[in-house]
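Hi everyone, thanks for coming. Let me put the model up on the screen, and then we can walk through a couple of spots together.

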Amino acid sequence: MRQLLVFGERGDAEEVAETLGEWFPGLGVPRVVRETLAGEDDAEDAQWLVVVDGLDEQALGKVDELVERYEGWREPE
């Protein structure tokens, strides 16, 4: 199942993506994408997403701990 890791800062998303690429080399480095919220006038309010696929429940627990350190959250897609 695809997971979206959501962050307010681009740098946080990029660091998490790099860390996940190191932890789970079989997945490669996850994509980092910018998501503007519908109706947002200010591009500064955009969120940064790290898109990951193929993680099991044990791996997701580890991912959740990492995401919380960067004040982000995980949403299944």
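Trp23 counts as partly exposed, because its relative accessibility is 30%, and partly exposed here covers the range between under 20% and over 50%. Keep in mind as we go that this is a predicted model.

So what sits over the ring of Trp23? That would be the charged end of Lys62, 4.5 Å from the ring centre.

Trp23 also has a ring partner, and the count of aromatic pairs comes to 1. The pair is Trp23 with Phe24: their ring centres are 6.3 Å apart and the planes meet at 85 degrees, so we call it edge-to-face, since anything over 60 degrees goes in that group. And Phe24 itself, is it buried or exposed? Phe24 has 18% relative accessibility, so it counts as buried.

Now please swing over to Gln3, which is found in strand β1, residues 3-7. Gln3 is buried, because its relative accessible area is 4%, and the cut-off for buried is under 20%.

Who does Gln3 touch, beyond its neighbours within four places in sequence? There are Val50, Val51 and Val52, then Leu60, and then the run of Arg74, Glu75 and Pro76. With Arg74 there is a polar contact, side chain to side chain, at 2.8 Å.

One last thing to look for on the screen: find Glu77, which is 74 residues from Gln3 along the chain. In the fold, the C-alpha atoms of Gln3 and Glu77 are separated by 5.6 Å.

That's my tour, thanks for listening!

Notes:
Residues are numbered from 1 along each chain as its sequence is written. This is a predicted model: local features need pLDDT of at least 70, side-chain atom pairs count only at pLDDT 80 or more; totals for chains, interfaces and linings use all residues. Side-chain values use heavy atoms; hydrogens and water are left out. Helices (H or I, at least four residues) and strands (E, at least two) are DSSP runs, numbered from the N terminus. Buried means under 20% relative accessible area, exposed over 50%, partly exposed in between (1.4 Å probe, protein chains only). Contact means heavy atoms within 4.5 Å. A polar contact is a pair of N or O atoms within 3.5 Å; within protein, one must be able to donate a hydrogen and the other to accept it, and residues adjacent in sequence count only if both atoms are side-chain atoms. Rings of Phe, Tyr and Trp (its six-membered ring) pair if their centres lie within 6.5 Å; planes under 30 degrees apart count as stacked, over 60 as edge-to-face and the rest as tilted. A charge sits over a ring if NZ of Lys or CZ of Arg is within 6 Å of the ring centre and within 35 degrees of the ring normal.
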